[in-house]
There are 2 protein chains.
Amino acid sequence: MTNPLDVRYLTGFVGDDSWALVSAASNRVTLISDFRFQEQIAREAPHAAVVIRKGPFSDVLVRIAHRSKIDRFAVQSASMTLAVRNALAAKLSARRLVPVDDGLLQQRAVKDPIEVRLIGRALQCQQEAYRRVLKELKPGQTERSVVARLEMHMRELGADGSSFPTIVAADANTSLPHALAGQTRIKKGGTILFDWGARCAGYCSDLTRVVAIGRMPSRVREIYRIVLDAQCAAIDAIGPGRAMCEVDAVARRWIDKAGYGDQFGHSLGHGIGLHVHEEPVVASRSDGELKPGHVVTVEPGIYLPGVAGVRIEDDVLVTPRGRRVLSDLPKDLESAIV
Amino acid sequence: MTNPLDVRYLTGFVGDDSWALVSAASNRVTLISDFRFQEQIAREAPHAAVVIRKGPFSDVLVRIAHRSKIDRFAVQSASMTLAVRNALAAKLSARRLVPVDDGLLQQRAVKDPIEVRLIGRALQCQQEAYRRVLKELKPGQTERSVVARLEMHMRELGADGSSFPTIVAADANTSLPHALAGQTRIKKGGTILFDWGARCAGYCSDLTRVVAIGRMPSRVREIYRIVLDAQCAAIDAIGPGRAMCEVDAVARRWIDKAGYGDQFGHSLGHGIGLHVHEEPVVASRSDGELKPGHVVTVEPGIYLPGVAGVRIEDDVLVTPRGRRVLSDLPKDLESAIV
């Protein structure tokens, strides 16, 4: 396993540059790492066997293959690069490397109660940090300085850090679905979009809210209402056995009907867990069904380039009988005027 | 080009999930991206041709190959995964995909004056943020809360963010070369290690300092002196045409001679630029030479598990006649008692 999040899921070790070798015969896990992580592995992954390499990974694999008579290695095609594979193939022969599709992605998509609790903890951090930032919000602050304070509060509240680069976008910047926080200043009557998340004990959360100081421009109010209705309808459509593309379609039909179909160009949501974007993907092209234990974002948006964008996002757990919205920041239009 | 930093280097576009196609015939650059980045690309990469894809990348490549009669695509083996390559090969045939080693890594390793200035700006941010944090430093603060403040100050001083996950480690945690900041509290007479960096306009800086509040344990003072001497000697050895392994050896011999050779298990340094770890690697195994325009870290360390670790790191530009140390935080033993 070359994907560091799978290595973590499997062993508890949270560093990187380390591979996990799982023996099909013995089910034993061996961590292949280097000097830098030796002490950390002893603390975090006491149950794994450990090989501290001095040379390249391929040398270790050749030695293990020989000693344990391993004929073939399944390798993770979604995280192994061509360069790594070619370096291995030079010593092991390509025939002995069998690319497999995704490793643990499907297992990781279904959360157990401890994982749900950790996502909940990340949500508490990010929500409380947001409340503090809203209290401090003043016209004249730059997007970047708001990001600085939001991230500081998340850390001080116990987060490992952000689960992805925090977006705080003002006015026309809100129409960039992946805006970077810059030196634009927030102003009274302007629109501010927050898309942020915390990571706690490795687990990620992810929310989006749009607010305005004092009053919200009428065009933004209009699309806010449409996006919110679309989001609530999609959340109501979530449940075990529901086709993912259908849940996406519920939000999409709503926005289409309001005449903004072309301004909602991304998919409805994605799983969250050790990674902030993981399985399942809730999109028009998805062909799977929701299962109990899936935790997904629901985040429709409408983007009017040069004017403004509105996206509203919550995190939802699929339960055996329906759904539970894990986030609880208010999102009605009144609460968006701060 | 599938490496987002190469795409940025080439076009100015700072988003991700986008590929750059460089035509060998016309030298023309085409960005292949999606809806989310359409407006951002228009702002950041106005000179690139753009294709907004709705389906997979492979569909776009098949279309372009057909239209422009392209027979073969060079692909970046260090950033393309087996999964992506297999998806492309299913539509384009494997023969038409030629893996190339590193793309722009060697070009990117040599910085032009504008890039050096941006690294300098990142250094100014991170150094000023550090000075502020040292002033605020109080026994009882947790490692994580110090990280929160350090990162907030870097942002408020104009950084895009950290160039890597900030390390603030107290006491025995300092012996983990890649420690994660946790809930350990800093205390009077204890050792605190900072390894942090800023990113400004995409460019990264990276420094390490070790301090103690009030007084430093004598064992730590001993290894501090050795590491500092080794670091200064290695910096003095830097210059154009110097073998990288030799510069590494200067520091290593010094630490060996003092009896701590086995406690310095990592390489001496690495290039910094758009990525915080890039070419060249200054290690005992490196076989290249330093060139004017290289900017490298020099960061020897001694780690005594369960006791303490000391690492001292500066960023150094190779000039046509020698070197220029770009960072200027004090590092003598007296300045390390705060």
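User: Is the crossing of α6(A) and α7(A) left-handed or right-handed?

Analyst: Two packed helices are described by the angle between their axes and the distance between the axes. In this predicted model, local features need pLDDT of at least 70 and side-chain atom pairs count only at pLDDT 80 or more, while totals for chains, interfaces and linings use all residues. Residues are numbered from 1 along each chain as its sequence is written, and chains are lettered from A and ligands numbered from 1 in the order in which they are written. The crossing of α6(A) and α7(A) is right-handed; a crossing counts as such if the near helix is turned clockwise from the far one by less than a right angle, and as left-handed if anticlockwise.

User: At what angle do the axes of α6(A) and α7(A) cross?

Analyst: Helix α6 (residues 113-136) of chain A crosses α7(A) at roughly 140°, and their axes come within 8 Å. Axes are lines fitted to C-alpha atoms, for helices over the stretch in contact, and angles run from 0 to 180 degrees between N-to-C directions. The angle therefore makes α6(A) oblique to α7(A) (under 35 degrees is roughly parallel, over 145 roughly antiparallel, 65 to 115 roughly perpendicular, the rest oblique). Helices are DSSP runs of H or I with at least four residues, and strands are runs of E with at least two, numbered from the N terminus.

User: How are chain A and chain B related?

Analyst: Two copies of a chain are related by a rotation about an axis and a shift along it. Here a turn of 180° and a shift of 0.0 Å along the axis lay chain A on chain B with an RMSD of 0.0 Å, which is the relation of a two-fold axis. The superposition is by least squares on the C-alpha atoms of residues with pLDDT of at least 70 in both copies. In chain A, the C-alpha nearest the axis belongs to A:Thr81, 2.0 Å from it.

User: How many residues does the contact take from each chain?

Analyst: The contact takes 36 residues from chain A and 36 residues from chain B, where contact requires C-beta atoms, placed from the backbone, within 7 Å. On the side of chain A that touches chain B, α2 (38-44), α4 (82-92) and α7 (143-156) each supply at least two residues, and α7(A) gives the most, with nine residues.

User: What is the strand order in the open sheet of chain B?

Analyst: The order is β7-β8-β11 with antiparallel pairing; two strands pair if DSSP finds at least two bridges between them. Strand β8 (residues 191-196) is joined to β11(B) by six bridges, and B:Leu193 stands opposite B:Val210 in β11(B).

Definitions and conventions. Contact = placed C-beta atoms within 7 Å.
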